[in-house]
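The following paragraphs guide the reader through a single structure, from its strands to its core and its ligands. Please keep the sequence and the model in view while reading.

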Amino acid sequence: MTPSRFPGAPDPTVQPVPVSVVEAVDAADSTLSNPRKAVLSLGSNLGNRVENLQGAVDALEDTPGIRVKAVSPVYRTEPWGVEPGSQPAYLNAVVVLRTTLPPSALLERAQAVEEAFHRTRSERWAARTLDVDIVTYEGRVSDDPVLTLPHPRAHERAFVLAPWLDIDEAAEIPGRGPVADLLAATTLEGVERREDVELRLPE
Ligand SMILES: Nc1ncnc2c1ncn2[C@@H]1O[C@H](COP(=O)(O)OP(=O)(O)OP(=O)(O)O)[C@@H](O)[C@H]1O
Ligand SMILES: Nc1nc2c(c(=O)[nH]1)N=C(CO)CN2
């Protein structure tokens with residue numbers, strides 16, 4: 001290194017780093033050493049629904065930065081939000097994972113997994129081979145329409161609450177309350193546990 005002509009003078013090649021960049025780097029470092037808990041809801045009402053759900057669990061586990069910690073039982077559920085009888089029944093499940101991915105990257109991965117299962121996007125709540133929603137990401141709250149946290153409709157969906165409660169009896173939705181209480185306030189009509197089907201937790 002060439003010694004400075006003026007000892008103690010600032011090095012002109014070193015630019016000050018903006019505070020926003022320092023904050024972003026610190027946040028990334030902290031997430032890497034401290035994986036966050038996220039809860040994802042899986043749904044399928046087209047194609048081989050069990051294979052689609054299992055494929056989603058496997059694809060999530062195959063993602064660098066994601067560890068699937070728990071997989072719920074499978075529920076057969078009547079389609080929510082659409083005309084009764086207008087769509088095949090769903091199979092739904094919930095997974096709990098730990099991740100070093102920030103929320104935006106987790107959403108990108110969730111959408112890539114949907115696409116890998118030929119998910120097409122048409123009208124709202126259309127039938128689909130695979131739906132992967134982020135229900136919660138640690139205690140994060142955001143009203144960003146690209147990624148709303150917690151998921152804005154999870155608290156009123158028995159097809160999310162029932163499987164989630166099975167694998168985490170103390171689960172809570174930030175700003176909404178305990179999942180057990182939320183489930184008690186929803187109707188369980190059309191939501192049945194499928195005892196004959198089980199998703200595997202990847203080894
Ligand atoms: N928590 C979230 N999880 C997944 N997608 C979200 C979330 N919050 C906002 N979105 C946005 O919602 C958009 C539509 O998602 P999608 O097509 O999966 O909706 P949907 O499953 O049909 O309906 P719903 O959101 O009621 O479950 C996505 O492109 C995504 O940017
Ligand atoms: N039973 C059930 N109904 C739905 C589901 C789902 O996963 N299960 N997903 C939807 C859009 O996310 C809309 N309606």
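**From a central strand to the ligands**

Leu40 has Ile134, in strand 5, as its bridge partner. The model in which this pairing appears is a predicted one. Strand 5 comprises residues 131-137, and its antiparallel pairing with strand 1 extends over six bridges. Strand 1 also pairs with strand 4 (residues 90-99), again in the antiparallel sense, over nine bridges. Within that second pairing, Gly43 is matched with Asn92 of strand 4.

How many residues of strand 1 are buried? Seven of the nine residues in this strand, which covers residues 36-44, are buried, and strand 1 is therefore largely enclosed by the rest of the structure. As a general background, nonpolar side chains in soluble globular proteins tend to be buried together.

The largest nonpolar core of the model contains 46 residues, and Leu40, Ala56, Leu60 and Val95 have the most contacts inside it. Among the elements that contribute two or more residues to this core are strand 1, strand 4 and strand 5, together with helix 2 (49-61), helix 3 (103-116) and helix 4 (158-167). Ala56 illustrates these contacts: leaving aside residues up to four places away in sequence, Ala56 touches Leu42, Val113, Phe117, Leu130 and Val132.

Helix 4 deserves separate attention. Eight of its 10 residues are buried, so helix 4 is largely enclosed by the rest of the structure. The buried residues run from Ala158 and Phe159 through Val160, Leu161, Ala162 and Pro163 to Trp164 and Leu165. They pack against strand 1, strand 4 and strand 5, and also against strand 3 (75-77), helix 5 and strand 8 (191-193).

The ligands may now be placed against this framework. Around ligand 1 there are 13 residues, of which Asp133, Ile134, Val146, Thr148 and His151 come nearest. Ile134 is thus both one of these residues and the bridge partner of Leu40. Strand 5 supplies the largest share of this shell, namely three residues. By class, the shell around ligand 1 consists of six nonpolar, two polar and five charged residues.

Ligand 2 is surrounded by residues that include Gly43 and Asn92, the two bridge partners that link strand 1 and strand 4. Its shell also includes Trp80, Tyr90, Trp125, Asp131 and Phe159, and Phe159 is one of the buried residues of helix 4. The shell around ligand 2 divides into five nonpolar, four polar and two charged residues.

How values were computed. Residues are numbered from 1 along each chain as its sequence is written. Chains are lettered from A and ligands numbered from 1 in the order in which they are written. This is a predicted model: local features need pLDDT of at least 70, side-chain atom pairs count only at pLDDT 80 or more; totals for chains, interfaces and linings use all residues. A residue is near a molecule or strand if its C-beta atom, placed from the backbone, lies within 6 Å of it. Helices (H or I, at least four residues) and strands (E, at least two) are DSSP runs, numbered from the N terminus. Ala, Val, Leu, Ile, Met, Phe, Trp, Tyr, Cys and Pro count as nonpolar, Asp, Glu, Lys and Arg as charged, and the others, Gly among them, as polar. A residue is buried if 20 or more other C-beta atoms lie within 10 Å of its own, exposed if 12 or fewer, and partly exposed in between; C-beta atoms are placed from the backbone. Two strands pair if DSSP finds at least two bridges between them. A nonpolar core is a set of buried Ala, Val, Leu, Ile, Met, Phe, Trp, Tyr and Cys residues joined through C-beta atoms within 7 Å. Two residues are in contact if their C-beta atoms, placed from the backbone, lie within 7 Å.
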